[in-house]
Each structure stands twice: as C-alpha cells, then as structure tokens.
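Hi,

Here is the structure I said I'd pass on. Have a look first, and my notes follow below.

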Amino acid sequence: MVAVTPHDDSRLRYAWKVCSVTSLGLVLIGIAGSTLNVALPAVVRHFHADATESGWILLSFLLVNTASLVFFGRVADLLGRREVYLAGFALFTVASLLAGLSPDVWFLIAMRVVQAVGAAMILANGTVIITDAFPPERLSQGMGVYIGTLSVAQLAGPTVGGLIAETAGWQWIFWVNVPAGLIALAWGAAILRKVPRGPRQPVDGLGNVLLFAALSALLLALSETGSRGVGSPVVLAGAGVFAVLVPLIVLAERRAANPVLDLRLFGGRLLAYANAASFCNALARSALILVVALYFQAARGLDAFAAGLSVLPVPVGIGLASPLVGLLGRRVSPYALSIGGATLSALGLGTLTLTAGPGTPYWVTGIGLFVAGCGSGTFLTGNTTQVMRALPSGSLGVVNGFRVMIMNVGIVISVGLSLSVLTASVGPELRAQVYAGTLSRLSPVAVGQLMEGFQRAYGVLFAVAVAGALLAALARGQSSAESLDSTSR
C-alpha cells in the first residue's frame with residue numbers, strides 16, 4: 001500500500017497530488033487512443049492497408065493490453081508499484097516515438113504492442129494507487145476526478161487527432177505523446193513515494209499464456225467474421241480454439257497458487273455482477289467514438305478534423321457527469337449511481353439506433369452521443385467506487401488488474417464485433433473504403449448499404465447496454481472479500 005502521513009489533512013493533500021499523477025497517466029493513454037480512432041483513415045491511406053491490417057492497428061493494442069493487465073498487477077506487487085508505474089510511462093513514450101517512424105504497417109502494429117505493454121503497467125496500478133492514497137470516505141471524489149480526466153483525453157483526442165491528421169501528418173498522432181509522456185514520468189517520479197514490496201509469490205505464467213491465446217483466437221474469429229463469413233475456416237478455427245481453451249483456463253486457474261483469474265472473486269454476488277455490468281458497459285460504449293467517427297467520414301464525407309468535432313458530445317458528457325457524480329457519492333450510493341449510469345448509456349445508444357441515417361440532423365445524433373457520454377461517466381465513477389470498496393485485502397494489484405482486464409475484454413470484443421457488424425453490410429471490395437473514410441465518394445447505393453451496418457452496430461451495442469443495466473441492478477449483496485473470508489475458514 002502507498003505510505004501516508006498520520007494526519008488526515010496531510011494525507012488528503014498527498015492524495016490529491018497522487019490523483020494528479022494517475023490522472024495524467026489516464027489522459028496520456030486516453031488521448032493516444034482517441035486520436036487514432038479519428039485519424040485511422042489517414043494512417044490507412046498512408047500505408048495502403050487492407051481491412052485486416054486496418055483493424056489490427058487498433059486491436060493489437062487492446063488485445064495485448066488486456067492480456068497483460070493482471071500480470072503487471074502481480075509484478076507491481078513483487079517489484080514495487082511506483083517502479084512499475086513509472087516504467088510504464090517510459091516504455092509508452094519510447095514506443096510512441098518509434099511508432100511515428102514506422103516504415104510499414106506491421107512495424108506500426110508492433111509498436112502498438114509495445115505501447116500496450118506500457119499502458120498495462122500504468123492502468124493496472126493507477127486505480128490501486130488512488131484507492132490507497134484517499135481516505136475511504138473521500139474515495140468517490142478522487143475516483144470521480146480520476147475518471148473525469150478520461151473525458152479530457154477523449155475531449156481533446158478526436159479534435160487533436162483530426163487536426164493533426166489534416167495538417168501535420170499521421171506521424172504526429174504518436175509523437176504528440178512523447179513530451180506528454182516525459183512530463184508524466186518526471187511528475188510521477190517527484191510525487192509518488194516508494195513503498196515496501198509485497199511478498200514474493202510466483203506469477204501464473206501458464207494462466208497468462210492460456211488467457212492470451214484464448215483472447216487472440218476469439219478476437220481473430222470476430223474480426224474475420226464480417227469479411228470471410230461465419231462459416232470460413234479462419235473463423236471456425238478461432239472459435240474452436242477459444243472453446244477448447246476456456247475449460248483449460250478454468251482447470252489451470254483452479255490449480256494455480258496465484259491465479260491470473262482468481263475464480264473465487266466470482267463467489268461474491270456484488271463483485272460478480274458489478275464486474276459483469278462493467279464488461280457489458282465497456283462493450284457497449286468503447287467502439288462508439290470509432291463507429292461514429294467512421295460514420296461521419298465514410299457516410300457523410302467529412303474530413304478527420306470535422307469528424308473529431310462531431311464526436312465531442314461523448315467526452316463532454318463524461319466530463320460533466322464524472323466529477324458531479326463524485327460529489328454526489330457522499331450522499332448517493334455507488335450502487336444507485338451505477339444503475340443510473342448504465343440506464344443513461346442504454347438510452348443514448350437507443351437514440352442512435354432509432355435515428356441512424358445519412359441525412360439525420362446532427363442535433364439528434366449529438367443528443368444521443370451526449371446522453372451516452374453522461375451515462376458512461378456516471379456508471380464508471382459509481383461502478384469503480386463500488387468495486388474498489390468491496391475488494392478483498394491484499395494483492396490489490398492483482399485484483400484491480402482483474403477488474404480492468406474484465407473491462408478491457410469488453411473493449412476488445414466491442415471493437416472487433418462492431419467493425420465486423422458494420423462492414424458486413426457492404427461487399428469485400430468496399431470494406432477498405434470504409435476504413436479509409438472514402439466510401440461516400442463512390443455512390444449513394446454504397447452509403448445506403450453501409451447505413452444498414454451502422455444501424456445493426458448501434459442495435460448490438462444498445463442490447464448489450466440494456467444487459468449491463470440489468471446486471472448493475474443485481475450487483476448487491478455479499479462482496480468477494482466476504483466470500484473469500486468464508487472460503488478460507
């Protein structure tokens with residue numbers, strides 16, 4: 001745990017400084033992701049990437065980041081949370097510099113993998129550092145600010161990404177992370193205090209390998225379904241490998257001394273349903289900016305900068321809701337906030353589903369995006385506070401890594417599933433035009449076919465958001481901390 005001074009005032013002052021460090025890390029990663037979401041067509045056109053390569057520019061980061069979160073939570077418990085956290089900043093910064101120098105698309109994808117490792121070091125530990133630093137009664141406030149900074153990243157990211165892609169060139173989408181990463185590294189080194197290392201325990205290597213392989217197989221099957229069809233050998237092979245690996249993972253994790261997936265965490269009703277709700281909410285919201293940015297470029301013919309401006313209602317909603325909800329957290333339970341946020345997210349996505357079309361007035365789309373953003377900000381603050389309060393004591397890096405990993409699995413599936421559903425409505429020869437943002441130049445018929453894909457994509461995300469709201473309502477009862485205690489007796 002992070003060491004604190006004995007006086008509450010001193011502890012709170014240090015806690016807010018810690019919050020500034022972790023928030024800066026979230027801004028760095030958030031901007032890196034949201035700028036690329038909008039500027040992806042510029043990168044695709046530069047490398048003449050096909051549909052598969054285009055998808056993996058995004059998906060490679062999500063997959064590696066997801067599969068390594070719990071691992072680096074464990075590493076931080078062993079080597080020191082401060083050291084691993086700062087090493088993540090350094091690695092992410094170096095990878096961003098090299099990504100801008102990429103000679104071809106596969107080198108870029110490789111650098112995205114390295115970025116993902118650095119991001120995992122940061123994400124696996126940021127929430128734990130905040131939880132340790134803040135007094136329990138102030139945790140919702142700190143978490144509200146921390147989550148709210150994500151909106152700053154998403155607010156600046158699409159606009160900055162679109163502007164960079166249209167003026168400075170795609171390389172600066174990555175190079176802009178370099179000075180920000182250096183500032184974050186220096187500020188973190190100055191603020192974060194060294195803490196004692198945890199007891200040496202073995203890392204679950206087999207579990208990490210099996211989990212990574214299972215997620216890779218699932219993602220491959222999802223990403224290729226739209227282009228090759230459900231019955232293609234690649235899709236069937238990916239789905240088959242995933243189906244075989246899932247029981248092996250369960251068996252291996254039950255026997256592991258320090259499992260990467262502690263299945264006992266599902267024994268408590270609260271954490272089981274709260275994590276499931278987080279998974280659904282992440283799946284519903286994560287591809288929204290990407291899908292909407294592609295909509296404005298591929299279907300409406302806007303440039304990257306204009307598309308970036310068009311998706312701003314989402315981060316504005318998150319930015320307004322998160323800190324307000326953090327203040328309400330002292331009077332309203334995180335449980336109620338989670339349900340309310342999940343319901344708002346579903347309402348926003350439902351609006352987009354019912355109104356999607358090439359001639360839809362922007363104010364209608366903007367309302368749907370804003371409501372979805374407010375719902376995401378409310379849910380994330382409430383759900384994160386609810387989960388972190390209920391976590392069992394000890395090995396916080398591992399259990400928080402598990403929490404973030406569950407959410408990131410939703411993000412991985414969201415991007416792969418949304419892109420597959422979206423592009424399935426057009427022929428194989430037109431899918432590259434969708435990723436490049438040039439489909440609107442071809443014909444109204446092609447745009448009309450693509451709109452069917454957008455409606456289906458929004459519909460899928462809406463259905464998942466509704467499921468998330470129902471699961472959030474069920475996230476009440478015995479926590480996993482209590483369940484683990486009763487199991488150990």
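There are zero disulfides anywhere in the structure, a disulfide being a pair of cysteine sulfur atoms within 2.5 Å. Two cysteines still deserve a mention: Cys 19 counts as buried at 2% relative accessibility, and so does Cys 374 at 16% (buried is under 20% relative accessible area, with a 1.4 Å probe and protein chains only).

Before the rest, the caveats. This is a predicted model, with local features needing pLDDT of at least 70 and side-chain atom pairs pLDDT 80 or more, while totals for chains, interfaces and linings use all residues. Numbering runs from 1 along each chain as its sequence is written, and side-chain values use heavy atoms, with hydrogens and water left out.

Now the core. The largest nonpolar core (buried Ala, Val, Leu, Ile, Met, Phe, Trp, Tyr and Cys joined through side-chain atoms within 4.5 Å) has 117 residues, and Val 43, Ile 57, Leu 288, Phe 454 and Tyr 458 touch the most other members. Helix α1 (residues 8–47; helices are DSSP H or I runs of at least four residues) gives the most to this core, with 18 residues.

Tyr 458 is worth following further. Leaving aside neighbours within four places in sequence, its contacts (heavy atoms within 4.5 Å) are Leu 288, Val 291, Val 292, Leu 352, Thr 353 and Ala 356. Tyr 458, Leu 352 and Ala 356 are also among the residues that line the second largest cavity. α14 (334–355) and α18 (444–474) each supply at least two residues of that lining.

Cheers

Definitions and conventions:
On a 1 Å grid over the protein atoms alone, a cavity is a set of points where a 1.4 Å probe fits but cannot get out, and a pocket is an open set with protein on both sides within 12 Å along at least five of seven lines; lining residues have an atom within 4 Å of a point. Buried means under 20% relative accessible area, exposed over 50%, partly exposed in between (1.4 Å probe, protein chains only).
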